[in-house]
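Me: I should like to learn how to read a structural model, one feature at a time. Please give the general idea in each case and then turn to the example.

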Amino acid sequence: MSLIICLYRYTFDMTKCMFSSGNITEKLRVSSFDCRGEVVVDLYAGIGYFALPFLMHTGASYVHACEWNPHAVDALLKNLELNKVLDRCEVHSGDNQQVLSKFHHFLLMAFYLNLIWLSTFAEG
């Protein structure tokens with residue numbers, strides 16, 4: 001299946017990967033972030049729901065996308081290529097905890113990003 005949502009191009013096998021059109025509001029919110037020059041860690045990256053907005057609209061210099069589903073990893077790589085941002089993203093395949101344990105500095109960045117998200121949700 002191929003979709004174009006919010007100017008992002010996605011391709012994936014809908015029998016093997018999840019797609020949620022219901023998080024469009026959150027994609028738009030993420031797209032408005034100012035991440036110029038920042039390196040972002042995207043845990044549970046799926047097919048690129050948030051990696052693409054970070055790469056295409058926020059000014060993030062690089063994204064480390066972590067995903068365990070091999071079908072989603074394949075789709076993510078295709079979607080990064082379709083959207084011409086593959087050169088600014090490294091995809092880490094495997095369990096997020098195991099992947100992050102190999103990269104201590106990723107863990108610190110991911111913890112910081114998760115705190116931002118939690119505080120945002122707490123505000124309503």
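**Aromatic pairing, core and a buried aspartate**

Reply: Let us begin with aromatic rings. In this predicted model, the count comes to 1 aromatic pair.

Me: How is such a pair described, and which residues form the pair here?

Reply: In general, a pair of aromatic rings is described by the distance of the centres and the angle of the planes. Here the partners are Phe33 and Phe54, with 6.2 Å centre to centre and 55° between the planes, and the pair is classed as tilted. The two residues are 21 residues apart, and the pair links distant parts of the chain. Phe33 lies in the loop between α1 (24-31) and β3 (39-42), whereas Phe54 belongs to helix α2.

Me: Is Phe54 buried or exposed, and what of Phe33?

Reply: The cut-off for buried is under 20% relative accessible area. Phe54 has 6% relative accessibility and therefore counts as buried. Phe33, at 23%, counts as partly exposed.

Me: Where does Phe54 stand with respect to the largest nonpolar core?

Reply: In soluble globular proteins, nonpolar side chains tend to be buried together. The largest nonpolar core of this model has 25 residues, and Phe54 is among those with the most contacts inside it, together with Ile47, Val63, Leu80 and Cys89. At least two core residues come from each of β2 (8-11), α2 (51-57), β4 (62-67), α3 (70-82) and β5 (89-93). The element that gives the most is α3, with 5 residues.

Me: How should I place these elements in the chain as a whole, and how many helices and strands are there?

Reply: The protein chain has 5 helices and 5 strands. Along the sequence, their order is β-β-α-β-α-β-α-β-α-α. Of its 124 residues, 42% count as buried. For contacts between residues at least 6 apart in sequence, 60% join residues at least 24 apart. The chain exposes about 7,200 Å², of which carbon and sulfur atoms supply 59%.

Me: Let us end with a polar residue. Where is Asp42, and is Asp42 buried or exposed?

Reply: Asp42 is located in strand β3. Its relative accessible area is 8%, so Asp42 is buried.

Me: Which residues does Asp42 contact, leaving aside its neighbours within four places in sequence?

Reply: With those neighbours left aside, Asp42 is in contact with Phe50, Ala51, Val63, His64, Ala65 and Cys66. Of these, Val63 is also one of the residues with the most contacts inside the core. As for Ala51, its backbone nitrogen lies 3.2 Å from a polar atom of the Asp42 side chain.

Conventions. Residues numbered from 1 in each chain as written. Predicted model: local features only at pLDDT ≥ 70, side-chain atom pairs only at ≥ 80, totals over all residues. Heavy atoms only, no water. Core = buried A, V, L, I, M, F, W, Y, C linked by side-chain atoms within 4.5 Å. Buried < 20%, exposed > 50% of the residue type's maximum accessible area, 1.4 Å probe, protein only. Helix = DSSP H or I, 4+ residues; strand = E, 2+ residues; numbered from the N terminus. Phe/Tyr/Trp six-rings, centres within 6.5 Å; stacked < 30°, edge-to-face > 60°. Contact = heavy atoms within 4.5 Å. Areas by Shrake-Rupley, 256 points an atom, 1.4 Å probe, with all protein chains shown as cover. Polar contact = N/O pair within 3.5 Å; in protein donor to acceptor, adjacent residues only side chain to side chain.
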